[in-house]
Amino acid sequence: MSDTTPELIASNKCFDGWLKRYKHQSSSTGTEMIFAIYLPPQAQSQSVPVLYWLSGLTCTDENFMQKAGAQRLASELGIAIVCPDTSPRGTDHPGEHDSYDFGSAAGFYVNATEAPWSENYRMYDYVVDELPALIEEHFPVTDKRSISGHSMGGHGALICALKNPGRYQSVSAFAPISNPINCPWGEKALAGYLGNDRESWKAWDSCELIASASERLPLLVDQGEADDFLAEQLKPEALKQACEENGHPLELRLQPGYDHSYFFIASFIDDHLRHHAKALGA
């Protein structure tokens, strides 16, 4: 049982379901956390499976729910969608708000080991363990889970699935940071949260985790070819190589003309929802 019951902040009816925002006290981060949940109309009479969506740098729980256009098809498929925040809030550690790619709104879905971040920045524990337990206790959902995300959140979705065989029915990502130990965003975040021992970073890198994965959950990845971050930060070619070398199923779709924005996500979110619905039995 969780320590606290989530407190409703806002509620909007949407495609005969309900989009709701809640806040609660988190034992993982030691802070108040906010999450959004879309409950499809089927949840009024039965428990439904859940897709967890992890957002990218600078985002909150609201970006996906307001911009992706996922509720229409989720209401038809009977899938709940849960969006956590991207970092703890209100801790005000020195330097926490100085840049967009580290600290506030940039938790990177790891468990920090370096002070002062280790006190609160345990987004991996929050996303994998605490939040699903809270959702399954307080909402009409089953224990069937899938996970997806964008950019930093795509990285988060991949590592959560790869590190937890059997926990998720399916996984997908949009423009994920595929090889964070070898890109500027990842190197900055991992050094800050985990210290300078690069060997320890490998536990949070999809390309490294694929080699030892005990479950070969198929990966669906969409990547825009006009993405400004493609070459320097995202490195889908490294993910493709790791999957090929280790026999891990990957559907990598390079989408001509698309960038890194939610216009890209909205264009292909239905494919991802159907991918997850099939695995969830929705």
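Asparagine 179 is tucked away: its relative accessibility is 8%, and since buried means under 20%, this residue makes the cut. Keep in mind that this is a predicted model. Asparagine 179 sits in the loop between β7 (170–174) and α5 (184–194), and its side chain makes a polar contact of 2.9 Å with the side chain of aspartate 205. From there, the points below go through the helices, a buried histidine, the sheet and the core.

**Around asparagine 179**
- Setting aside residues up to four places away in sequence, asparagine 179 touches Asp205, Cys207, Leu234, Lys235 and Ala238.
- One of those partners, Ala238, is itself a buried residue of helix α9.

**Helix α9**
- Helix α9 covers residues 236–246, and its buried residues are Pro236, Ala238, Leu239, Ala242 and Cys243.
- Looking down the axis of α9, you find these buried residues within an arc of 160 degrees, so they line one face of the helix.
- Glu244 and Glu245 are on the other side of α9, and they are exposed.
- What sits over the buried residues of α9? The cover includes α4 (152–163), α7 (206–212), β8 (219–224), α8 (230–234) and β9 (250–255).
- Right after α9 comes glycine 247, with a positive phi of about 65 degrees.

**Helix α5**
- The buried residues in α5 are Trp185, Gly186, Ala189, Leu190, Tyr193 and Leu194.
- Down the axis of α5, they keep within an arc of 105 degrees, so here too one face of the helix is lined by buried residues.
- As background, an α-helix has 3.6 residues a turn, so residues three or four places apart point the same way.
- The partners that the buried residues of α5 pack against are α6 (198–201) and α8.
- Glycine 195 follows just after α5 and has a positive phi of about 95 degrees.

**Histidine 155**
- Is histidine 155 buried or exposed? Its relative accessible area is 0%, so histidine 155 is buried.
- Histidine 155 belongs to helix α4.
- Apart from neighbours within four places in sequence, histidine 155 contacts Phe108, Pro176, Ile177, Pro180, Trp204 and Ser206.
- Between the C-alpha atoms of histidine 155 and cysteine 243 there are 15 Å, with 88 residues separating the two along the chain.

**The sheet and helix α10**
- Nine strands make up an open sheet with mixed pairing, in the order β1-β2-β3-β5-β4-β6-β7-β8-β9.
- At the edges are β1 (7–14) and β9, each pairing on one side only.
- On average, neighbouring strands of this sheet are turned by 20 degrees against each other, ignoring direction.
- Strands β8 and β9 run parallel and are joined by six bridges; glutamine 223 has leucine 254, in β9, as its bridge partner.
- Helix α10 (residues 262–280) lies across β4 (48–54), β5 (80–84), β6 (141–149), β7, β8 and β9, and runs at about 175 degrees to β7.

**The nonpolar core**
- In soluble globular proteins, nonpolar side chains tend to be buried together.
- Which members of the largest nonpolar core touch the most other members? Among its 89 residues, they are Phe35, Trp53, Phe64, Ile81, Ile135, Ile147 and Tyr193.
- Leaving out neighbours within four places in sequence, the contacts of isoleucine 147 include Leu51, Tyr52, Leu54, Val127, Ala157, Cys160, Tyr168, Val171 and His276.
- Tyr193, also on that core list, is one of the buried residues of α5.

Notes. Residues numbered from 1 in each chain as written. Predicted model: local features only at pLDDT ≥ 70, side-chain atom pairs only at ≥ 80, totals over all residues. Heavy atoms only, no water. Buried < 20%, exposed > 50% of the residue type's maximum accessible area, 1.4 Å probe, protein only. Helix = DSSP H or I, 4+ residues; strand = E, 2+ residues; numbered from the N terminus. Arc of directions from axis to C-beta. Contact = heavy atoms within 4.5 Å. Polar contact = N/O pair within 3.5 Å; in protein donor to acceptor, adjacent residues only side chain to side chain. Core = buried A, V, L, I, M, F, W, Y, C linked by side-chain atoms within 4.5 Å. Pairing = 2+ DSSP bridges. Axes fitted to C-alpha atoms, helices over the stretch in contact; angles between N-to-C directions.
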